[in-house]
Amino acid sequence: MFNLKFTEETLKQLSKMKKQGLKTKLKKIKTTLDYLKENPRHPGLHTHKYQSLKTLDNREVFQSYVENKTSAAYRVFWHYGPDKKDITIITVVQHP
């Protein structure tokens, strides 16, 4: 099991979504985060490396699906670390 860490950017995004009343989306994001904690390779997440991004300290960035086959579907971008059993959530965004 992994510990989840959140960037300030992510916390602001989630707070903004809460204020906008996006309860259904937030519930789906929470489900995604729960799966990430248990198994980042869970088949429902469709996790894969995001090739065009790396962190400032050169860590690989991954993308996991919150939704699939939905217009403006949400994605979670994350990386392993800072500690061995940590996952840092970089951002949660809508896929164009």
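A polar atom of the Thr10 side chain sits 2.8 Å from the backbone oxygen of Ile90. Thr10 belongs to helix α1 and is buried, at 0% relative accessible area (buried is under 20%, exposed over 50%, partly exposed in between, with a 1.4 Å probe and protein chains only). Leaving aside residues up to four places away in sequence, Thr10 touches Ile89, Ile90, Thr91 and Val92, where contact means heavy atoms within 4.5 Å. The model is a predicted one, with local features needing pLDDT of at least 70 and side-chain atom pairs pLDDT 80 or more, while totals for chains, interfaces and linings use all residues. Residues are numbered from 1 along each chain, and side-chain values use heavy atoms, without hydrogens or water.

As for the interior, the largest nonpolar core (buried Ala, Val, Leu, Ile, Met, Phe, Trp, Tyr and Cys joined through side-chain atoms within 4.5 Å) counts 15 residues, and Ile29, Leu36, Val76, Trp78 and Ile89 have the most contacts inside it. Two or more residues each come from α1, α2, β4 and β5. Ile29 touches Leu14, Met17, Val66, Tyr74 and Val92, again not counting residues up to four places away in sequence.

Then there are the charges: five salt bridges turn up in the whole structure, each a Lys or Arg side-chain nitrogen within 4 Å of an Asp or Glu carboxyl oxygen. One of them pairs Glu67 with Lys25 at 2.6 Å; Glu67 lies in the loop between β3 and β4 and Lys25 in helix α2, so the pair ties together parts 42 residues apart in sequence. Glu67 is buried at 4%, whereas Lys25 is partly exposed at 22%.

Notes: Helices (H or I, at least four residues) and strands (E, at least two) are DSSP runs, numbered from the N terminus. A polar contact is a pair of N or O atoms within 3.5 Å; within protein, one must be able to donate a hydrogen and the other to accept it, and residues adjacent in sequence count only if both atoms are side-chain atoms.
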